[in-house]
Amino acid sequence: QVQLVESGGGLVQPGNSLRLSCAFSGFPSEYYAIGWFRQAPGKEREGVSSISSSGVTTYYGNSVKGRFTISRDNAKNTGYLQMNSLKPEDTAVYYCAATLALSSSRWSSTSSWYYWGQGTQVTVSS
């Protein structure tokens with residue numbers, strides 16, 4: 001059974017940090033790229049970041065470049081999203097996803113991703 005389980009969300013003040021984790025099982029994750037998306041109320045789901053199966057290639061959305069860092073530990077079947085300098089506009093439900101084919105032109109499209117987690121809430125507020 002394929003599972004992606006996010007954790008690490010919560011309430012944080014602006015300027016602070018959070019690290020999200022995505023534990024995956026039920027598929028050969030070492031062959032899959034991992035992505036992070038987020039969805040705020042009333043908005044479409046947007047691509048935040050992605051990382052290739054080897055961890056060599058990464059992509060970031062313009063709104064998080066320089067603040068967020070994606071990584072993965074294939075030995076632990078876990079992906080991470082380190083979020084620094086958080087802003088109120090980062091408030092959203094964050095989802096992790098997995099796909100076999102990571103494309104520089106389509107990584108941020110939800111239709112490019114096969115498997116999805118249930119999401120974890122991140123709220124940035126004072």
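1. Throughout this note, a residue is called buried when its relative accessible area is under 20%, exposed when that value is over 50%, and partly exposed in between. The coordinates under review belong to a predicted model, and every remark below should be read with that in mind. With a relative accessibility of 48%, Y114 therefore counts as partly exposed. Its place in the chain is the loop that runs between strand 9 (92-99) and strand 10 (115-116), and together with Y31 and L100 this tyrosine makes a nonpolar surface patch of about 360 Å².

2. The charged side chains deserve a paragraph of their own, since the structure holds three salt bridges and the residues R38, E46, R67 and D90 are linked by such bridges in a network. In the pair formed by R38 and E46, the closest N and O atoms are 2.7 Å apart. The two partners differ in their surroundings: R38 has a relative accessible area of 6% and is therefore buried, whereas E46, at 35%, is partly exposed.

3. R38 also meets the side chain of D90 in a salt bridge, with an N to O distance of 2.9 Å. Because R38 lies in strand 4 (residues 33-39) while D90 lies in the loop between strand 8 and strand 9, this pair ties together parts that are 52 residues apart in sequence. Both R38 and D90 are buried.

4. D90 takes part in a further salt bridge, this one with the side chain of R67, at 2.8 Å from N to O. This pair, too, links distant parts of the chain, given that R67 sits in the loop between strand 6 (58-60) and strand 7 and D90 in the loop between strand 8 and strand 9, 23 residues apart. Here again both partners, R67 and D90, are buried.

5. Strand 7 (residues 68-73) has alternating side chains: F68, I70 and R72 point to one face and are buried, while T69, S71 and D73 point to the other face and are not buried. The pairing of strand 7 with strand 8 (residues 78-83) is antiparallel and extends over six bridges, and one of the residues concerned is D73, whose bridge partner in strand 8 is T78.

6. The hairpin made by strand 7 and strand 8 has four residues between the strands, and within this hairpin N77 takes a positive phi near 50°, a sign that a careful reader may wish to note in a residue other than glycine. N77 is found in the loop between the two strands, 7 and 8, and its relative accessible area of 30% makes this asparagine partly exposed. A second residue to list under this heading is S85, which is not a glycine and yet has a positive phi of about 50°. S85 is found in the loop between strand 8 and strand 9, where its relative accessible area of 39% places this serine in the partly exposed class.

7. An alternating pattern is also present in strand 1 (residues 3-7), where L4 and E6 point to one face and are buried, while Q3, V5 and S7 point to the other and are not. Strand 1 runs antiparallel to strand 3 (residues 18-25), and five bridges join the two. In this pairing, Q3 stands opposite S25 of strand 3.

8. Which residues does S50 contact, leaving aside its neighbours within four places in sequence? They are I34, G35, T57, T58, Y59, I70, L102, W107 and W113. S50 is found in strand 5, and at 0% relative accessibility this serine counts as buried.

9. S52 is found in the loop between strand 5 (46-51) and strand 6, and it counts as buried because its relative accessibility is 11%. A polar atom of the S52 side chain lies 3.3 Å from the backbone nitrogen of V56. When neighbours within four places in sequence are left aside, S52 is in contact with A33, T57, R72 and L102; among these, R72 is one of the buried residues of strand 7, while T57 and L102 are also listed among the contacts of S50.

Note on methods
Residues numbered from 1 in each chain as written. Predicted model: local features only at pLDDT ≥ 70, side-chain atom pairs only at ≥ 80, totals over all residues. Heavy atoms only, no water. Patch = residues over 30% accessible without salt bridge, like charges linked within 9 Å, V, L, I, M, F, W, Y side chains within 5 Å. Areas by Shrake-Rupley, 256 points an atom, 1.4 Å probe, with all protein chains shown as cover. Salt bridge = Lys/Arg side-chain N within 4 Å of Asp/Glu carboxyl O. Buried < 20%, exposed > 50% of the residue type's maximum accessible area, 1.4 Å probe, protein only. Pairing = 2+ DSSP bridges. Polar contact = N/O pair within 3.5 Å; in protein donor to acceptor, adjacent residues only side chain to side chain. Contact = heavy atoms within 4.5 Å.
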